[in-house]
Amino acid sequence: MCTVLLRFDPAATWPLLLAAVRDEYLARPWEPPAEHWPGRWGGRDSTGGGTWLAVDPAGTTVTALLNGFPPLPPLGDRPTRGTLPLTSLPSDFSGFDAFHLVRATPADVTVVSWDGTDVTHQTLPPGDHVIVNQGVDVNAFAPLQAAATPDPRPGLPTADAWGDWVPMLAGGTFTGAAPRTLLVHHSVDGLEYGSGSASLVALRPGAARYDFATTPGPTATWQEIPLAVLPPHH
C-alpha cells in the first residue's frame, strides 16, 4: 500500500472515509477481498499471507499498511508486514522493514510509524489527511480537498454512493515534500511495478462499507464487497 487518503469528521453521518491505492510488483499474486481471516475482510497477499488493508465490520475499524521510506535492503529473512493489520502490534518491531500503519474508527485515527530504528505514534485531528511512504501530511492532494463528502450507504452502486471519491482515485498529482502522481506504473529492475488496486472504506457507528477496484484509473470497475450483517447499534 502506498497511498491512503482519508477524511475524519466525528460530527458527520459517516465520520470516517478512507481511500487507498496499493502499489506493488504487478506479478506478485494476490486474492480479491473476502473474509480471508475470521472477522476481517481484505485482499490477501498470496506470497506473505497477509494484507495491505483490513476491514473489521464488527469492530467498525479499518487498518491500512504502507511501506516506509526508504525501504531497507532485502537481506535475510524478515517477518511480513502484512500481518500487522490483522493482529495486535508486537512490542518490538526490530526485524521489520519500515512501515506506516493506519488504524481508523468512527471515533479516532492513529498512525504507527517504524523507520527501522524508532517507532512513533500519531493521533490525527479531524480533517483531510494524506499518508504516503514518506509519512503523514507531507503532501497535499487537491482532488481530496475538492471532493464533496459522500453518503456511502451500503447497497447503492459505487458511483452513487461515493460521488466525487471515485474520480478522485482516477489520477492526480501530489504536491509538497514528495511530489508524484497518485497512480504509478514503471519498471524496477526489469519488473513491472504499479498501482494494482484501490479501495474505498466508510465507517460509522454500527455500519461499514467497503468498495474495491483492480487496475485503478478512469476505466476502473468498482464493486462493493459484501460484509457481514452487523447487529443494530445502541
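In this predicted model, the side chains of Asp128 and Arg7 meet in a salt bridge, with a distance of 2.7 Å from N to O. Asp128 belongs to strand β10 and Arg7 to strand β1, so the pair ties together parts of the chain that are 121 residues apart in sequence. The two partners differ in their surroundings: Asp128 is partly exposed, with a relative accessible area of 32%, whereas Arg7 counts as buried at 11% relative accessibility, because the cut-off for buried is under 20%. Side chains of opposite charge can pair when their charged atoms come close.

The strand that carries Arg7 is itself mostly covered, since 6 of the 6 residues of β1 are buried. From β1, Thr3, Leu5 and Arg7 point one way, while Val4, Leu6 and Phe8 point the other way. In a regular strand the side chains alternate between the two faces of the sheet. Strand β1 pairs in the antiparallel sense with β10 (residues 127-132) over 6 bridges, and Val4 has Ile131 of β10 as its bridge partner. Strand β1 also pairs in the antiparallel sense with β2, again over 6 bridges, and here the bridge partner of Arg7 is Leu17. Arg7 can therefore be followed through two kinds of contact, namely the salt bridge of its side chain with Asp128 and the bridge to Leu17 in β2.

The structure holds 9 salt bridges, and two further examples also link neighbouring numbers in the list of strands. Glu31 forms a salt bridge with Arg44, the closest N and O atoms being 2.7 Å apart. Glu31 lies in strand β3 (residues 30-37) and Arg44 in strand β4 (residues 40-45), so this pair ties together parts that are 13 residues apart in sequence. Glu31 is partly exposed, with a relative accessible area of 27%, and Arg44 counts as partly exposed at 26% relative accessibility. Arg209 forms a salt bridge with Glu224, and the closest N and O atoms are 3.6 Å apart. As Arg209 lies in strand β17 and Glu224 in strand β18 (residues 222-224), this pair ties together parts that are 15 residues apart in sequence. Arg209 counts as buried at 0% relative accessibility, whereas Glu224 is partly exposed, with a relative accessible area of 27%. In addition, Arg22, Glu24, Arg28 and Asp45 are linked in a network of salt bridges. Arg22 has an aromatic neighbour as well, for its charged end sits over the ring of Trp52, 3.8 Å from the centre of that ring.

The largest nonpolar core has 27 residues, and those with the most contacts inside it are Leu18, Leu53, Val62 and Tyr210. At least two residues of this core come from each of several strands, among them β1 (3-8), β2 (16-25), β5 (53-56) and β17 (207-214). Not counting residues up to four places away in sequence, Leu18 touches residues including Val4, Leu6, Leu53, Val62, Trp162 and Leu200. A second, separate core of 26 residues includes Leu5, Trp165, Leu169 and Leu183. In soluble globular proteins, nonpolar side chains tend to be buried together.

Aromatic rings form a further set of contacts, and the structure holds 9 aromatic pairs. Phe93 and Phe96 form an edge-to-face pair, at 6.3 Å centre to centre and with 75° between the planes, and both Phe93 and Phe96 are buried. Phe141 and Phe174 form a tilted pair, at 4.8 Å centre to centre and with 40° between the planes. Phe141 lies in the loop between β12 and α1 (142-146) and Phe174 in strand β13, so the pair ties together parts that are 33 residues apart in sequence. Phe141 counts as buried at 1% relative accessibility, and Phe174 counts as buried at 0%. Phe93, Phe96, Phe99 and Trp114 form one aromatic cluster.

Strand β13 also takes part in an open sheet of 3 strands, in the order β12-β13-β14, with antiparallel pairing. The edge strands are β12 (139-140) and β14 (180-181), each of which pairs on one side only. Strand β13 (residues 173-176) is joined to β14 by 2 bridges, and Thr173 stands opposite Thr181 in β14.

Note on methods. Residues are numbered from 1 along each chain as its sequence is written. This is a predicted model: local features need pLDDT of at least 70, side-chain atom pairs count only at pLDDT 80 or more; totals for chains, interfaces and linings use all residues. Side-chain values use heavy atoms; hydrogens and water are left out. Two strands pair if DSSP finds at least two bridges between them. Helices (H or I, at least four residues) and strands (E, at least two) are DSSP runs, numbered from the N terminus. A nonpolar core is a set of buried Ala, Val, Leu, Ile, Met, Phe, Trp, Tyr and Cys residues joined through side-chain atoms within 4.5 Å. Buried means under 20% relative accessible area, exposed over 50%, partly exposed in between (1.4 Å probe, protein chains only). Contact means heavy atoms within 4.5 Å. Rings of Phe, Tyr and Trp (its six-membered ring) pair if their centres lie within 6.5 Å; planes under 30 degrees apart count as stacked, over 60 as edge-to-face and the rest as tilted. A charge sits over a ring if NZ of Lys or CZ of Arg is within 6 Å of the ring centre and within 35 degrees of the ring normal. A salt bridge is a side-chain nitrogen of Lys or Arg within 4 Å of a carboxyl oxygen of Asp or Glu.
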